[in-house]
Amino acid sequence: MTIKQQRVATLIRNILSTLLMTEVTDPALESVTVTDVKIDREFEYADVYVYALDDQAEVMAGLARANGYLRRELAQRVRLRNVPVLHFHWDVAMERGERIDSLLQSLDLPPEPAPETPEDDE
């Protein structure tokens, strides 16, 4: 990703996060977190990765309903020739991280023996 793509993606992530926290009134989108945004080279499409503790299907349906509003508000806040089309995706990285943590917690490893230190004969 180029520097310009990274800057625009970060800007879009910040704006969408603010919109979802403060201006969107859909109850399905109350606890949605925008985890990442990836934008293509032509700035036509933005893949927005989201995560929430609520039901995935309900959140994705709410984002589909709010897509037009979010894109319009994004257009008013970003100075781009064309505002990218938003594609929302569920971020599975959080679930994978939680699963790995639970697997690590369930391991029953014996404690490591302390390293032996040679005693000085002085």
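**View 1. Leucine 74, a buried residue of helix α2.** Leucine 74 is buried, with just 1% relative accessible area. The model shown here and in the other views is a predicted one. Leucine 74 sits in helix α2. Once residues up to four places away in sequence are set aside, leucine 74 touches Ile12, Ile15, Leu19, Val83 and Leu86. Take Ile12 from that list: isoleucine 12 and leucine 74 are 62 residues apart in sequence, yet their C-alpha atoms are 7.4 Å apart in space.

**View 2. Arginine 77, also in helix α2.** Arginine 77 belongs to helix α2 and counts as partly exposed, at 38% relative accessibility. What does arginine 77 touch, not counting residues up to four places away in sequence? The list is Ile15, Leu19 and Glu23. For isoleucine 15, the C-alpha to C-alpha distance to arginine 77 is 7.8 Å, with the two positions 62 residues apart in sequence. Ile15 and Leu19 turn up among the contacts of leucine 74 as well, so keep View 1 in mind while looking at this one.

**View 3. The salt-bridge network of Glu23, Glu73 and Arg77.** Salt bridges link these three residues in a network. Here's the general idea: side chains of opposite charge can pair when their charged atoms come close. One link is between the side chains of glutamate 23 and arginine 77, at 2.8 Å from N to O. That pair ties together distant parts of the chain, with glutamate 23 in the loop between α1 (3–22) and β1 (33–39) and arginine 77 in helix α2 (residues 56–77), 54 residues apart. The contact between the side chains of arginine 77 and glutamate 23 also counts as a polar contact, again at 2.8 Å. Glutamate 23 is partly exposed, at 32% relative accessible area.

The other link joins the side chains of glutamate 73 and arginine 77, at 2.5 Å from N to O. How far apart are glutamate 73 and arginine 77 along helix α2? They are 4 residues apart, so about one helical turn separates them. Glutamate 73 is buried, with a relative accessible area of 11%, whereas arginine 77 is partly exposed.

**View 4. The salt bridge between arginine 65 and aspartate 26.** The structure holds 3 salt bridges, and this view shows the one where the side chains of arginine 65 and aspartate 26 meet, 2.7 Å from N to O. Here too, distant parts of the chain are linked: arginine 65 is in helix α2 and aspartate 26 is in the loop between α1 and β1, 39 residues apart. Which partner is buried, and which is exposed? Arginine 65 counts as exposed, at 55% relative accessibility, while aspartate 26 is buried, at 18%.

**View 5. Aspartate 91, a buried charge with no salt bridge.** Aspartate 91 lies in the loop between β3 (85–90) and α3 (93–106). What about a partner of opposite charge? Aspartate 91 is buried yet makes no salt bridge, and the nearest side chain of opposite charge, that of arginine 96, is 7.3 Å away. A salt bridge needs a side-chain nitrogen of Lys or Arg within 4 Å of a carboxyl oxygen of Asp or Glu, so the distance to arginine 96 doesn't qualify.

Aspartate 91 does have polar company, though. Its side chain makes a polar contact of 2.6 Å with the side chain of threonine 35. The side chain of aspartate 91 also reaches the backbone nitrogen of alanine 93, at 3.1 Å. Leaving aside neighbours within four places in sequence, aspartate 91 is in contact with Thr35, Tyr49, Val50 and Tyr51.

**View 6. Phenylalanine 43 and its positive phi.** Phenylalanine 43 is not a glycine, yet has a positive phi of about 60°. You'll find phenylalanine 43 in the loop between β1 and β2 (45–51). Is phenylalanine 43 buried or exposed? Phenylalanine 43 is buried, with a relative accessible area of 15%.

**View 7. A nonpolar patch on the surface.** Ile100, Leu104, Leu107 and Leu109 make up a nonpolar surface patch of about 430 Å². One of these residues, leucine 107, is found in the segment after α3.

Definitions and conventions
Residues are numbered from 1 along each chain as its sequence is written. This is a predicted model: local features need pLDDT of at least 70, side-chain atom pairs count only at pLDDT 80 or more; totals for chains, interfaces and linings use all residues. Side-chain values use heavy atoms; hydrogens and water are left out. Helices (H or I, at least four residues) and strands (E, at least two) are DSSP runs, numbered from the N terminus. Buried means under 20% relative accessible area, exposed over 50%, partly exposed in between (1.4 Å probe, protein chains only). Lys and Arg count as positive and Asp and Glu as negative; His and the chain ends are not counted. A polar contact is a pair of N or O atoms within 3.5 Å; within protein, one must be able to donate a hydrogen and the other to accept it, and residues adjacent in sequence count only if both atoms are side-chain atoms. Contact means heavy atoms within 4.5 Å. Patches are made of residues with over 30% relative accessible area and no salt bridge: like charges are joined within 9 Å, nonpolar side chains (Val, Leu, Ile, Met, Phe, Trp, Tyr) within 5 Å. Accessible areas come from the Shrake-Rupley method with a 1.4 Å probe; for residues, only the protein chains shown count as cover.
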